[in-house]
Amino acid sequence: MSNKLFSSIDMGGQTLGNRMVMAPLTRNRAPDCIANALMAEYYGQRSAAGLIISEGTQISEQAVGYPATPGIYSQQQVDGWSQVTDTVHAKGGHIFAQLWHCGRISHPDFHAGELPVAPSAIKPAGDAFTYEGLKPFVTPRTLEASEIPGIIEQYRHAAACAGNAGFDGVEIHAANGYLIDQFIRDGSNRRTDHYGGSLENRIRLLLEIVDAVGSEIGHNKVGVRISPINAFNDMSDSDPQSTFDHIASSLSGLGLAYLHVVEVSMTGETDSNFDTGRLRDRFDSLYIANGGYDGERAQQAIASNTADLIAFGAPFLANPDLPERLRTGAPLNTADQSTFYGGDAHGYTDYPSL
Ligand code: PHB
């Protein structure tokens with residue numbers, strides 16, 4: 001078995017020490033939406049990853065959808081994140097900020113009573129996590145076409161803030177049923193303007209955001225995350241293979257850092273009708289695979305060239321020294337689900353290294 005998983009790789013001019021990525025993980029430990037010293041400790045502990053992708057980070061107040069998730073649009077937020085990036089860099093790591101707009105996966109409680117926004121006024125099934133516990137999702141307000149340049153500007157501004165905070169790049173979160181994905185998939189987009197209807201129209205917002213963010217910080221510092229078969233957050237598409245093939249092709253040739261694909265559903269299942277290999281073939285830069293990989297499958301995927309890097313979620317959450325454990329075949333700590341979302345250092349910075 002080749003050991004390529006542990007070898008360095010060039011990503012848009014930056015040299016990553018290995019092919020293991022820490023996946024973005026919502027942890028709800030940022031009171032007032034500001035990153036803090038505890039978060040710096042947590043990310044610093046995991047800086048042996050070839051690349052860390054931050055937890056979802058709001059691009060604006062309108063983008064918020066969960067309690068105690070961080071933002072990256074104010075000076076205080078930039079200062080908070082600077083502690084994180086300084087700590088990761090001091091340990092030789094690389095870190096991207098994941099830029100997040102929740103769209104309809106939010107609640108009026110986060111917006112002074114105003115409705116969350118979405119491509120179309122379609123209420124998702126399920127409940128929002130609010131500061132007062134679970135509350136049913138509401139029917140969101142349809143974004144006017146005239147508001148879309150403002151959303152793109154929020155992404156551009158957040159990317160500039162991420163650069164000021166010392167991030168090595170940004171990941172545009174176009175996955176898992178949040179705003180950009182709500183535009184992409186036809187189950188949540190019934191628009192009749194040039195942001196809805198045809199495939200070209202549904203991916204227009206993503207491409208315009210990529211263009212704005214890439215122009216701000218350099219396309220080589222921009223990655224995109226998609227989740228073609230994930231129904232989480234009440235998502236559906238009538239033809240996922242065509243939709244996401246087209247996205248992979250359209251993101252090709254732009255000089256992007258990577259395409260990051262959640263290859264499974266939220267509960268870890270694959271879909272035999274969906275071929276992720278077609279995305280890999282269509283996209284011309286690095287392909288990051290995510291979804292239930294263990295060390296062995298990760299090594300196989302890299303050795304067989306079906307992916308360039310592998311992103312680990314729960315394994316990185318529970319094993320700050322995951323790369324060393326996978327290299328040596330050491331046993332892994334088990335992730336404790338009860339401390340995933342919110343709380344303190346327990347279940348966050350107290351997982352032991354070898
Ligand atoms: C979550 O908080 O459950 C969550 C957040 C962002 C994702 C997926 C899940 O992309």
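This is a short walk through a predicted model, from its ligand site out to a handful of individual residues.

Let us begin at the ligand. Its surroundings are made up of T26, Y66, W100, H173, N176, Y178, F232, M266 and Y341. If you sort this shell by residue class, you get 6 nonpolar residues, 3 polar ones and no charged ones. Two of the residues are worth a closer look for their polar atoms. H173 places a polar side-chain atom 2.8 Å from an oxygen atom of the ligand, and N176 likewise has a polar side-chain atom 2.7 Å from a ligand oxygen atom. How much of the ligand's accessible area does the protein cover? On its own the ligand has 270 Å² of accessible area, and the protein covers 87% of that. If you run a pocket search on this model, the place to look is the largest pocket, for that is the space the ligand takes.

Now let us move on to N189, which you will find in the loop between α4 (179–184) and α5 (199–202). Is N189 buried or exposed? Its relative accessible area is 5%, which is under the 20% cut-off, so N189 counts as buried. The N189 side chain has backbone partners on either side of the sequence position: it reaches the backbone oxygen of F183 at 2.8 Å and the backbone nitrogen of R191 at 2.9 Å.

From that loop, step along to helix α5, where R202 is found. R202 has a relative accessible area of 7%, and because this is under 20%, the residue is classed as buried. Its side chain also contacts the backbone, reaching the backbone oxygen of G197 at 3.1 Å.

Next come two residues to look at for their backbone angles. Most residues other than glycine have a negative phi. With that in mind, turn to A112, which is not a glycine and yet has a positive phi of about 50°. A112 sits in the loop between β5 (95–100) and β6 (117–118). With a relative accessibility of 79%, over the 50% cut-off, A112 is therefore exposed. The second case is D234, where phi is positive at about 65°, again in a residue that is not a glycine. You can locate D234 in the loop between β11 (222–226) and α7 (240–251). Its relative accessible area is 40%, which lies between 20% and 50%, so D234 is partly exposed.

Two serines round off the tour. S47 belongs to the loop between α1 (37–45) and β4 (51–58). Its relative accessibility of 7% is under 20%, so S47 is buried. How far is S47 from Y341 in sequence and in space? The two are 294 residues apart in sequence and 21 Å apart in space, C-alpha to C-alpha. Y341, you may recall, is one of the residues surrounding the ligand, so this pair gives you a way to place S47 relative to that shell member when you turn the model.

The other serine is S74, in the loop between β4 and α2 (75–90). S74 has a relative accessible area of 26%, between the two cut-offs of 20% and 50%, and so counts as partly exposed. For a distance to go with it, take S8: S74 and S8 are 66 residues apart in sequence, and their C-alpha atoms are 34 Å apart in space.

Methods. Residues are numbered from 1 along each chain as its sequence is written. This is a predicted model: local features need pLDDT of at least 70, side-chain atom pairs count only at pLDDT 80 or more; totals for chains, interfaces and linings use all residues. Side-chain values use heavy atoms; hydrogens and water are left out. A residue is near a molecule or strand if one of its heavy atoms lies within 4 Å of it. A polar contact is a pair of N or O atoms within 3.5 Å; within protein, one must be able to donate a hydrogen and the other to accept it, and residues adjacent in sequence count only if both atoms are side-chain atoms. Accessible areas come from the Shrake-Rupley method with a 1.4 Å probe; for residues, only the protein chains shown count as cover. On a 1 Å grid over the protein atoms alone, a cavity is a set of points where a 1.4 Å probe fits but cannot get out, and a pocket is an open set with protein on both sides within 12 Å along at least five of seven lines; lining residues have an atom within 4 Å of a point. A molecule sits in a cavity or pocket if more than half of its atoms lie within 2 Å of its grid points. Ala, Val, Leu, Ile, Met, Phe, Trp, Tyr, Cys and Pro count as nonpolar, Asp, Glu, Lys and Arg as charged, and the others, Gly among them, as polar. Helices (H or I, at least four residues) and strands (E, at least two) are DSSP runs, numbered from the N terminus. Buried means under 20% relative accessible area, exposed over 50%, partly exposed in between (1.4 Å probe, protein chains only).
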